[in-house]
Amino acid sequence: MTLLYALIAIGALALVFGLILGYAAIKYRVESNPIVDQVDAILPQTQCGQCGYPGCRPYAEAIANGDEVNKCPPGGEATVKKLADLMGVEAKPLAGGEEAEPIKKVAYIREDECIGCTKCIQACPVDAIVGATRQMHTVIADECTGCDLCVEPCPVDCIDMIPVAETKQSWKWQIDAIPVKQLD
Amino acid sequence: METLLEQIESGKLWQFPGGIHPPEQKSLSNQAAIGSLPLPEYLVLPLKQHIGANGQLLVNKGDHVLKGQVLTQPGTNWSLPIHAPTSGTITDIKPMPSAHPSAMPELSIVLTPDGDDTWCELETRESLDGLDNKALIDIIHHAGIAGMGGAGFPTYVKADSAKTIEYLVVNGVECEPYITADDMLMREHAKDIIRGMEVMMSILSPQYALVGIEDNKPEAFAAMQQAAKHNSKILVRSIPTKYPSGGEKQLIKVLTSKEVPSGGIPADVGVLVQNVGTLFAVSEAVYEGKPLIERVVTVTGNTIHKPQNVWALLGTEVKHLIYSQGFTPVEDQRVIMGGPMMGFTLPTVRIPVVKTTNCILAPDNQELAVAGQEQACIRCSACADACPQTLLPQQLQWFAKGQEYDKLEEYNLFDCIECGACSYVCPSEIPLVQYYRVAKAEIREQKLEKVKAERAKERFEARKARLEREQEERQNRHKRPARSAPAKDKAKVSEALERVKQKRPEQSAVQAAIERAKAKKAEGDTSALEPDNSAVALERAKRKEQARKYKEEKAGSNTSSAPKDAVAAAIARAKAKKAAQAADSIESQEQDPRKAAVAAAIARAKAKKSGDEPKQGSEDDPRKAAVAAAIARAKAKKAEQAPEQNSVSGSDDVKADDPRKAAVAAAIARAKAKKAAKGDKPATEAVVKDEPEDPRKAAVAAAIARAKAKKAAKEAEQVEEPISEDEPEDPRKAAVAAAIARAKAKKAAKEAEQVEEPISENEPEDPRKAAVAAAIARAKAKKAAKEAEHVEEPVAENEPEDPRKAAVAAAIARAKAKKAAKEAEQVKEPIVENEPEDPRKAAVAAAIARAKAKKAAKEAEQKEKPIVDDKTEEDVSSDSDTQTEALSPEDKRKAAIRAAVERAKAKKKAQEQEGNDLS
């Protein structure tokens, strides 16, 4: 009999707590950011496809599914490191052997050479090239992600990738601007 | 308990945490009155000397300007004008090193003084009567006044504060060592400063204006108090000397006990801070009408013989400044702009004084030791004690070194005022402020990147969505009730349309129509001044769009597509007409009329021939067509090679320009291209087998043909009206013919662009090369076509029937060019019999093709005349045998007439149609 009471008491308790927990799980559910979104937020969104995926989000999905984190040259080592931290894997050097610190570039169309073929416009993943057939095209430098995708389709090779010029706003103090000598 | 107001009235002062007491060194430069400088050889005036945007240039190189004349026009976005500091000539406008630690070049006006120092007309005032706030703020704005204490924030923006200002705080603290510019200004111009204060007070109407002056400047304090005696609302306060009590936030704390919230501005707590120099400039601007063209600059340091304050014209180079005061550089001489705590070492002395330059310090190596080597942090926390913002510099330093930017923000790095107190007290000589500056720049950049990435993502996604939508639309079109054969074509056309749309973010046909209208316009009045008829074009485009929609509806209910074709033909004609007009303006060369006539005849014959063909097209032996195409291609290739060879040897081997030949060649090429294009679909395999030819060549040939078709179209328009009455014929035929021609032209264009796929089978050629070649070929064709046109008028005299024929031929050709547009889309699948298509789509495609041909033509005209001639000759010689085989003159003529009639009808119908639509 005692055993029965004990079982009933424990069972009732278990039921009550179970209900409480179940309710809390629904009511206080934390909307956690899915891993894909987190990865996507780290990627530089150049949409360049250098990772082998058609855009940053597909690569983010691939990483979430276990792909390597070192396939993003525009992001550089910093991105690899962040991705490695997030995914809990070891940071590797960039797959293509690119420099760790990518130079920011934007596309520039030599306008007098442009024949107005619109091929680059079709290639641009972020619609950063304006122009019309037979009209020369130009790059909206502020929107250009420097993805390189427009360079290849150009039939007359009139697109250059030029490094973004340093401005006073983007200029950085050099800590070691003054060389320090060690005196003996 | 006293209220805050009472406390302030009673003269109570508060304390800010931290702070340091560096050696003042002010007596070096505050012994002499403010001096003046000889006029420098030239002045360098950066367009931007403050925080915000620079104005728009109002002057040009070589202009003579008067002292005080405005040089830039301020726009929005915190922009300020700059003024000529003296009269003289503008010798240059170019990027020059700027007053920035990086000395990065910035667009500057170089002014060479004429020595007269002639003022422009100044508007002086005795009082503020009749000036409302807006007028005052406007005066301040147009005087180009920016905060002269250091940051250079536009004063008019501050004065225009939306928040109520309780206290106007005037900063006469000048806490940084060495600098005495404000001190001397207050001593000598206290009255003007007070007047400037009163201007600001009349704008902001604060309860009190508080002047803070450090107690190491008793003379300035006395002068200010004397000058402010008359105004009980101005309270002049002497505050304890402590660095950095001149910081905005610190001064507010000292004078009012208020603390500016993190990330906020003083206006958030009802306070506005102005530097005494700024107020002096305001007074000058309002009462004297003088813009901000000079300021007091302290020139000091042990290497300066005569350290003192001087009135320096903005734009004076630092070099002039220091050498005027006597300067003996020492080894490793540093020249610092600003004070020793917050200033920066100039990379060069050829940097101009700007609105924010308050001190030029040229110390020797004893008075200001070169920073030693950084040692490890010993966690003494002296920096935390010194920090006036109660930050944790040591902590920040760790994070900055570890690039933990999130942590830095958590520890309020952005509240750091970069006063340098922490670096000053650090026993390990850690350049703490430098670390913070780097980290700040880094964080700012990362934030910017983040925003950019976000935008890029948005744009990418928007694009993806658009593409998907278009795909869906296309599929929907597939699903539409199959209207016999054309349904398939439709799909392809829509595909083409999609492509066209992809090229433009806007997707409506209206857009396409507008494009077309523009292209037309460009053709129509290249020579004339361009009247702004874009509105008209838009109107027209809309009308057309309506017409098209109507057409579509009609076609839906009525299987007869004749009217559609008519419309298409009409559109084509309209275009051709425009082109013809343009062509008319081209001056004609001297030509042999007879030759030209012959050429025209041949061309016509061909055009006609091909015009008739489409009807039987489906029965044509594909192989024949393929062979013909191959021949055409071969010729095109030859032509292409020729220019390459000739470009080396020059044009001397070419015979005198023979327009006739060119015309003939053009005609032949056209015919061939047509054939080739026609036979293309069924013949693809045959061609590949029979002759492993390069599609590139075909493309070239096609391009030539297209150009010619265009030419012909022009001719046709001119003769149109007389013909129109002749015989009632089927407008549909004409339309069909037109469509075919167009298709071919387009096809060629397409091939040229997409050489990749076919080539991958045939030859691993560089598609780019092919495209270029095609462009050249097209250009040539165009050229030839033009030449042919010049010959036209003589033709009319010699053979009375000619114009008609020509017209017919032209009509056909035109039609074909148009058709090409349609067919081009279908290229990949077998050609369905030539059915009238939606004219709108065709028109779009045609517009594209036209645009390309024209572009190429332009290039060719500029560069490649000899090549063109040469090439066309080649064509003639090789083609002369083929040209005659198909046509008998009889046939030609009849057909021509018929075609013309058709066209006329088509036109009429189209007009009716359009009329209906409009009504």
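In the predicted model, Gly326(B) is classed as exposed because 12 other C-beta atoms lie within 10 Å of its own, and a residue with 12 or fewer such neighbours is counted as exposed. Gly326(B) is placed in the loop that runs between helix H8 (318-324) and strand S14 (336-337) of chain B. When residues up to four places away in sequence are not counted, Gly326(B) touches Ile304(B), His305(B) and Lys306(B). The C-alpha atom of Gly326(B) is also separated by 8.4 Å from that of Pro307(B), although these two residues are 19 residues apart along the chain.

Chain B, to which this loop belongs, contains 30 helices and 16 strands. Of the 919 residues in chain B, 54% are buried. Among the contacts of chain B with a separation of 6 or more, 82% are accounted for by residues 24 or more positions apart.

Six strands of chain B form an open sheet with mixed pairing, in the order S1-S13-S12-S16-S14-S15. Strand S1 (35-36) and strand S15 (344-345) of chain B stand at the edges and have a single partner strand each, so that one side of each is left without a neighbour in the sheet. Within this sheet, strand S12 (residues 294-300) and strand S16 (residues 359-361) of chain B pair in the parallel sense over three bridges, and Val299(B) stands opposite Ile360(B) in S16(B). Helix H4 (residues 181-204) of chain B packs on the sheet, where it touches S12, strand S13 (308-313) and S16 of chain B, and the direction of H4 makes about 125 degrees with that of S12(B).

A second helix of chain B, H6 (residues 248-256), is mostly covered, with nine of its nine residues buried. The buried residues of H6(B) include the charged or polar Glu248(B), Lys249(B), Gln250(B), Lys253(B) and Thr256(B), together with Leu251(B), Ile252(B), Val254(B) and Leu255(B). These buried residues of H6(B) pack against helix H1 (4-9) and against four strands of chain B, namely S8 (167-172), S9 (208-214), S10 (234-239) and S11 (271-275). Just after H6(B), Ser257(B) takes a positive phi of about 70 degrees.

In chain A, an unreviewed UniProt entry lists Cys48(A), Cys51(A), Cys56(A) and Cys72(A) under "binding site". These four residues span 25 residues in sequence, yet no two of their C-alpha atoms are more than 9.2 Å apart, so they gather at one spot. Cys48(A) is found in the loop between helix H2 (35-42) and helix H3 (56-64) of chain A, and Cys51(A) likewise lies in the loop between H2 and H3. Cys48(A) counts as partly exposed because it has 18 C-beta neighbours inside 10 Å, whereas Cys51(A) counts as buried because it has 25. With residues up to four places away in sequence not counted, Cys48(A) touches Pro74(A), Thr145(A), Cys147(A), Asp148(A) and Leu149(A). Cys51(A), with its neighbours within four places in sequence left aside, is in contact with Tyr59(A), Lys71(A) and Cys72(A), the last of which is also one of the residues listed in the UniProt entry.

As to confidence, chain A averages a pLDDT of 84, and 90% of the residues score at least 70. Over residues 177-184 of chain A, however, the pLDDT is below 50, and this stretch has three contacts in the model beyond near neighbours in sequence.

Key:
Residues numbered from 1 in each chain as written. Chains lettered and ligands numbered in written order. Predicted model: local features only at pLDDT ≥ 70, side-chain atom pairs only at ≥ 80, totals over all residues. UniProt positions renumbered as here; feature names shortened; annotations may be inferred. Helix = DSSP H or I, 4+ residues; strand = E, 2+ residues; numbered from the N terminus. Buried ≥ 20, exposed ≤ 12 C-beta atoms within 10 Å, placed from the backbone. Contact = placed C-beta atoms within 7 Å. pLDDT = per-residue confidence, 0-100. Pairing = 2+ DSSP bridges. Axes fitted to C-alpha atoms, helices over the stretch in contact; angles between N-to-C directions.
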